[in-house]
Amino acid sequence: MTHTPNAHIWSGRDDGPGDENRRWHHAVNSATPGTGIALLGFRSDEGVRRNKGRVGAVDGPASIRTALAPMSADPRLVVHDLGDTTVLDGQMEAGQALLGQAVAEALDAGHLAVVLGGGHETAFGSYTGLRSSAVTAGKRLGTLNLDAHFDLRKEPVPSSGTPFLQVANAERERGHEFNYAVVGISQPGNTGALFQTAHDLGVSYLLDEDCSESHLAPVLDFTQAFIDSVDAVYLTIDLDVLPAAVAPGVSAPASYGVPLSVLLAVCRQVARSPKLALVDVVELNPAFDVDSRTARTAARLIHTISSEHLLDG
């Protein structure tokens, strides 16, 4: 595996000077000092390969950056692109450890870390960094997953389907309670064994059918109750939670999915909380994307979170 700092050049339309013309590519690695959004890429689809999914998520970080670059930027937005961790030769675990180090450094520097996956194996690297940081010292950590899947598989070899069981085990070893909630679970996409594991671990969740626009208030109540129950929030977004028409470029496209409007509302709610410590957006597979729909949607989610985080700050 390798870690490459500042590996991507940000560019795009320039409509002239002044904050009114500012875009993300102006905000990235600019001369503006201070803390802000720290972007870290995790170029890996080894977990997806092990999970027998459609590989290609290794190119997700670059695709998300490309979609973010032309988006409008608040004058206060400061973005530090800290480069990519790349998994080579199947060395997923070593890559997760390297990602964890980069995440911890970003968090301890005072940034809001936003990790660009990569398969959902990204999550265990994100978690490792979060727990290595002073940000969560002595705190009750909660993981909120926007996902069609629990990712609680009991497998002898870790994959994109096992990260939250790994987190559960790691939290137990640290003497912490496992606090995990999922919005958007697909009943057909998770076996009875996975539902039983979720039950045994005390996981709270909402099915995708219970996350329609007409059910937005209960979804936000569920989200707020989870935020209130913990001291620090790790928000992880698997793009396969969205309908396939909105997010075709993922490892496992959804037959039903949660509307983007609902996910944006949840993201706004979480981003407004001072408890938000870390975000990752995973499972973008550019090889299967259509008109960059999935990449643009991922960028819109990150843009929304960043904007709301600024307002809260």
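Helices here are DSSP runs of at least four residues, and strands are runs of at least two, numbered from the N terminus. That is how to read labels such as H2 and H3, whose loop holds Lys52. Keep in mind that this is a predicted model.

**View 1. The whole protein, with its 10 helices and 9 strands.**
The radius of gyration is 18 Å, close to the 20 Å that the globule rule gives for 313 residues, so the protein is as compact as a globular protein of that length. Laid along its principal axes, the C-alpha trace spans about 55 × 45 × 40 Å. Of the 313 residues, 57% count as buried. Take the contacts between residues at least 6 apart in sequence: 80% of them join residues at least 24 apart.

**View 2. The outside of the protein, with an accessible surface of about 12,400 Å².**
Carbon and sulfur atoms account for 51% of that surface. As for charge, there are 23 positive and 37 negative side chains. Work out the centre of each set and you'll find the two lie 1 Å apart.

**View 3. Strand E4, residues 112-117, under cover.**
Go along this strand and you'll find that 6 of its 6 residues are buried. One side carries Leu112, Val114 and Leu116, and the other carries Ala113, Val115 and Gly117; both faces are covered. For the burial call, the cut-off is under 20% relative accessible area.

**View 4. The partners of E4: strands E2 and E9.**
E2 takes in residues 37-43 and pairs with E4 in the parallel sense, over 6 bridges. To pick out one of these, look for Phe42, whose bridge partner in E4 is Gly117. E9, residues 276-282, also runs parallel to E4, this time over 4 bridges. Here Val115 makes a handy landmark, with Asp280 of E9 as its bridge partner.

**View 5. From the end of E4 into H5, by way of a cis peptide bond.**
Gly117 turns up again here: the peptide bond from Gly117 to Gly118 is cis, with omega near 15°. Gly118 itself sits in the loop between E4 and H5. Helix H5 covers residues 122-132, and 9 of its 11 residues are buried, so the helix is largely enclosed by the rest of the structure. The buried set is Thr122, Ala123, Phe124, Gly125, Ser126, Tyr127, Gly129, Leu130 and Arg131.

**View 6. Lys52, a loop residue with positive phi.**
Look between helix H2 (46-50) and helix H3 (60-68) to find the loop that holds Lys52. Its phi is near 65°, a positive value in a residue other than glycine. Lys52 is exposed, too, with a relative accessible area of 76%.

**View 7. Asp291, with phi near 55°.**
This phi is likewise a positive value in a residue other than glycine. Asp291 belongs to the loop between E9 and helix H10 (293-312). With a relative accessible area of 62%, Asp291 counts as exposed.

**View 8. Asp14, in the loop between strand E1 and helix H1.**
E1 is residues 2-4 and H1 is residues 24-27. Is Asp14 buried or exposed? It is exposed, with a relative accessible area of 52%, where the cut-off for exposed is over 50%. For a distance to check on screen, try Asp14 and His25: they are 11 residues apart along the chain, and their C-alpha atoms are separated by 9.2 Å.

Terms used:
Residues numbered from 1 in each chain as written. Predicted model: local features only at pLDDT ≥ 70, side-chain atom pairs only at ≥ 80, totals over all residues. Heavy atoms only, no water. Rg over C-alpha atoms; globule rule 2.2 N^0.38 Å. Buried < 20%, exposed > 50% of the residue type's maximum accessible area, 1.4 Å probe, protein only. Contact = heavy atoms within 4.5 Å. Areas by Shrake-Rupley, 256 points an atom, 1.4 Å probe, with all protein chains shown as cover. Lys, Arg positive; Asp, Glu negative; His and termini not counted. Charge placed at Lys NZ, Arg CZ, Asp CG, Glu CD. Pairing = 2+ DSSP bridges.
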